Amino acid sequence: SCSVYSRVFALECEKMSRLLEMLRPPLAELRDALKGDGLMPELLGQTLLSDVATNQVPKRWGSTERPLSSWLVDLATRHEQLSRWVASPDLGKPAVTNLAALFNHEAFLIAVQLEAAQLTAVPIEKLKLVCDVVGVADDGSIPPPPPRGVYVEGMWLDGARWDLSAGSLSDGAGQLHSKLPLALLHAAEEEASQGTYVCPVY
């Protein structure tokens with residue numbers, strides 16, 4: 001079952017490698033030009049300098065309304081997650097996956113369903129994704145790896161918060177957004193998932 005996650009993260013690494021390959025040359029040229037050690041094409045230099053000065057993501061790097069500073073923090077988070085996976089001994093299922101740090105969330109969610117289908121012999125079209133909030137221990141440690149499913153983070157609640165002591169959703173207590181604690185994401189047959197709260201994730 002780990003192979004389904006390995007494929008997803010291998011594709012994530014390929015996407016990150018292509019992105020970094022695109023970023024390195026212009027940033028290296030800009031660095032050298034600012035140090036006086038080299039020249040860069042005038043139009044490219046003016047455009048890149050303007051984007052950096054106005055905290056905008058260059059159009060060549062992607063289409064987003066996010067400021068450049070936030071985009072770079074997000075890029076570093078994605079790179080850190082992939083670096084941890086590459087350094088893992090078996091390149092299998094990660095201990096915890098930050099959903100917000102994935103390029104292709106849909107592929108990861110399908111992998112969760114594929115893992116369950118392989119382990120239970122239940123057709124994937126009969127499986128639904130289920131999210132159980134587990135939180136972390138007082139010392140910050142996470143629970144042991146689950147036999148099925150994967151621990152995830154990086155999700156936020158809109159207009160609500162998770163009450164760990166009650167084990168349920170609560171009002172936002174004046175906060176518009178609150179971070180969802182560590183959760184176990186797994187797939188179950190539709191009948192077994194009845195009685196759970198159905199909500200959109202975006």
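Let me start with strand 8, residues 183-189, which is mostly covered: six of its seven residues are buried. Keep in mind that this is a predicted model.

Who are the neighbours of strand 8? On one side there is strand 2, residues 127-133, joined to strand 8 by seven bridges, and the two run antiparallel. To pick out one pair there, Leu127 has Glu189 of strand 8 as its bridge partner.

Strand 3, residues 150-153, also runs antiparallel to strand 8, and three bridges join them. If you want to find that pairing on the screen, look for Val150, which stands opposite Leu185 of strand 8. Then take Tyr151, whose bridge partner in strand 8 is Leu184.

Now the whole sheet. In what order do the four strands of this open sheet come? The order is 1-3-8-2, and the pairing is mixed. Strand 1 and strand 2 are the edge strands, each pairing on one side only. On average, neighbouring strands of the sheet are turned by 40° against each other, with direction ignored.

There is a helix to add to this picture. Helix 4, residues 105-120, lies across strand 1, strand 2, strand 3 and strand 8. Relative to strand 8, helix 4 runs at about 55°.

Next, one residue from the edge of the sheet. Thr97 sits in strand 1, residues 96-98. Is Thr97 buried or exposed? Its relative accessibility is 0%, so Thr97 counts as buried; the cut-off for buried is under 20%. What does Thr97 touch, leaving aside residues up to four places away in sequence? The contacts are Phe9, Gln81, Leu102, Phe108, Val150, Tyr151, Val152 and Glu153. Val150 and Tyr151 came up a moment ago, as residues paired with Leu185 and Leu184 of strand 8. Phe108, for its part, is in the stretch 105-120 that makes up helix 4.

Last, a pocket. The second largest pocket holds about 300 Å³ of space. It is lined by 17 residues, and the closest to its centre are Asp51, Val57, Pro58, Lys59 and Arg60. Which element gives the most to this lining? That is helix 2, residues 42-53, with four residues. By class, the lining of the second largest pocket divides into six nonpolar, six polar and five charged residues.

To recap: strand 8 has six of its seven residues buried, the sheet order is 1-3-8-2, and helix 4 lies across the four strands named earlier. That is all I have.

Key:
Residues are numbered from 1 along each chain as its sequence is written. This is a predicted model: local features need pLDDT of at least 70, side-chain atom pairs count only at pLDDT 80 or more; totals for chains, interfaces and linings use all residues. Side-chain values use heavy atoms; hydrogens and water are left out. On a 1 Å grid over the protein atoms alone, a cavity is a set of points where a 1.4 Å probe fits but cannot get out, and a pocket is an open set with protein on both sides within 12 Å along at least five of seven lines; lining residues have an atom within 4 Å of a point. Grid points are joined across faces, edges and corners, and a volume is the space filled by probe spheres set on the points. Ala, Val, Leu, Ile, Met, Phe, Trp, Tyr, Cys and Pro count as nonpolar, Asp, Glu, Lys and Arg as charged, and the others, Gly among them, as polar. Buried means under 20% relative accessible area, exposed over 50%, partly exposed in between (1.4 Å probe, protein chains only). Contact means heavy atoms within 4.5 Å. Two strands pair if DSSP finds at least two bridges between them. Axes are lines fitted to C-alpha atoms, for helices over the stretch in contact, and angles run from 0 to 180 degrees between N-to-C directions.
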